[in-house]
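Trainee: I have a structure open and have not looked at it before. Can we go through it together?
Mentor: Fine. Put it on the screen and ask away.

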Amino acid sequence: MKKLATVGDNCVDIYPQLGKAFSGGNAVNVAVYSTRYGMQPTCVSWVGDDDYGKMLRRDLAQKGVNTFRLRVKPGVTAQTQVELRNNDRILGDYTEGVMANFALNEEDLAWLNSFDIIHSAIWGHAETAFPALKAAGKILSFDFADKWESPLWRTLPEHLDYVFASANDDTPWLRDRLQTVVQCGAGAAIATLGENGSLAWDGKQFWRMPPEFVEVVDTMGAGDSYIAGFLCAIAEGLPLHDAMKQGTQCAARTIGYHGAW
């Protein structure tokens with residue numbers, strides 16, 4: 001199996017209604033979910049020297065994620081306030097904390113050279129490293145989430161193998177956008193569609209994957225778990241359609257409980 005590293009954002013998801021806090025964030029979540037498939041991932045990120053930072057490091061270690069490059073910085077760990085409405089999560093106030101100044105250094109880049117697949121996201125502050133990582137032959141994955149107007153759409157796709165984003169439904173606009181992303185150099189573009197499944201364009205054809213219908217408790221982490229399942233399938237050499245199926249199965253498992261994991 002190819003080796004996976006995730007880079008960038010982490011945060012603690014705070015649920016006032018439940019009186020609980022859960023470790024999360026795209027890079028953290030993708031790393032944790034990948035362990036479901038036997039992956040032994042590394043997460044490269046920063047946490048604060050507060051109690052939430054200690055909790056996040058402890059939680060990751062307990063899940064089997066290598067935290068050697070999860071560095072502690074003076075300040076607060078990133079935090080998101082989360083409200084539950086009809087079992088859907090509504091994201092409230094966000095405090096970026098020490099992650100506001102996150103940047104990869106030369107030691108981080110040297111560490112990443114020992115991995116095959118590297119994933120980051122729109123909040124990860126890692127995009128400047130992608131040209132060099134691509135030149136080094138890495139398989140690169142990036143999640144734009146629902147930030148369709150980000151300027152990174154114009155500069156990153158040529159360095160990416162797998163582009164992820166989220167939308168509500170399969171529309172002509174979305175299909176045109178996915179095709180454009182691949183024309184700009186990406187290997188494949190995948191949109192998760194919530195209850196409508198997922199859609200991908202590989203440069204030759206569109207692929208649709210329906211959702212798995214399960215009882216929804218909390219949708220937090222659904223998209224991240226889809227990405228993890230997908231990338232672990234790619235790490236095993238499976239084709240795009242099978243990767244979409246495994247991503248869908250991983251997301252269905254995640255939405256059955258509170259918190260990302």
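Trainee: Which strands does helix H8 lie across?
Mentor: Helix H8, residues 240-254, lies across strand E12 (198-201) and E13, and runs at about 25 degrees to E13. Helices (H or I, at least four residues) and strands (E, at least two) are DSSP runs, numbered from the N terminus. Axes are lines fitted to C-alpha atoms, for helices over the stretch in contact, and angles run from 0 to 180 degrees between N-to-C directions.

Trainee: Anything to know about the model itself?
Mentor: The model is predicted: local features need pLDDT of at least 70, and side-chain atom pairs count only at pLDDT 80 or more, while totals for chains, interfaces and linings use all residues. Residues are numbered from 1 along each chain as its sequence is written, and side-chain values use heavy atoms, with hydrogens and water left out.

Trainee: What is the strand order in the open sheet of nine strands?
Mentor: The order is E5-E4-E1-E8-E9-E10-E11-E12-E13, with mixed pairing. Two strands pair if DSSP finds at least two bridges between them. Strand E5 (70-73) and strand E13 (206-209) are the edge strands, each pairing on one side only. On average, neighbouring strands of this sheet are turned by 15 degrees against each other, direction ignored.

Trainee: And which helix packs on the sheet, touching E8 and E9?
Mentor: That is helix H1, residues 26-34, which also touches strand E1 (4-7) and strand E4 (42-48). The direction of H1 makes about 160 degrees with that of E1. Contact here means heavy atoms within 4.5 Å.

Trainee: How many bridges join E8 to E9?
Mentor: Five, between residues 117-121 and residues 139-143, and the two strands run parallel. In one of these, Ile117 has Ile139 of E9 as its bridge partner.

Trainee: Now the inside. Which residues have the most contacts in the largest nonpolar core?
Mentor: Leu60, Phe164, Ile190 and Phe230, in a core of 39 residues. Such a core is a set of buried Ala, Val, Leu, Ile, Met, Phe, Trp, Tyr and Cys residues joined through side-chain atoms within 4.5 Å. Buried means under 20% relative accessible area, exposed over 50%, partly exposed in between (1.4 Å probe, protein chains only). H7 gives the largest share of this core, nine residues.

Trainee: What does Leu60 touch?
Mentor: Not counting residues up to four places away in sequence, Leu60 touches Val28, Val32, Val65, Thr67, Leu70 and Trp261. There is also a second, separate core of 37 residues, with Phe130 and Leu160 among them.

Trainee: New topic: how many disulfides does the count come to?
Mentor: Zero, where a disulfide is a pair of cysteine sulfur atoms within 2.5 Å.

Trainee: Why does Cys11 not form a bond?
Mentor: Because the closest cysteine sulfur, in Cys43, is 12 Å from the sulfur of Cys11, which is too far.

Trainee: And how many salt bridges?
Mentor: Seven, counting a side-chain nitrogen of Lys or Arg within 4 Å of a carboxyl oxygen of Asp or Glu. Asp108 pairs with Arg69, the closest N and O atoms being 2.8 Å apart. Asp108 lies in helix H3 and Arg69 in the loop between H2 and E5, so the pair ties together parts that are 39 residues apart in sequence.

Trainee: Are those two buried or exposed?
Mentor: Both Asp108 and Arg69 are buried. Arg69 also forms a salt bridge with Glu107, at 3.5 Å between the closest N and O atoms. Glu107 counts as exposed, at 53% relative accessibility. Salt bridges that share partners join Arg69, Arg71, Glu107 and Asp108 into one network.
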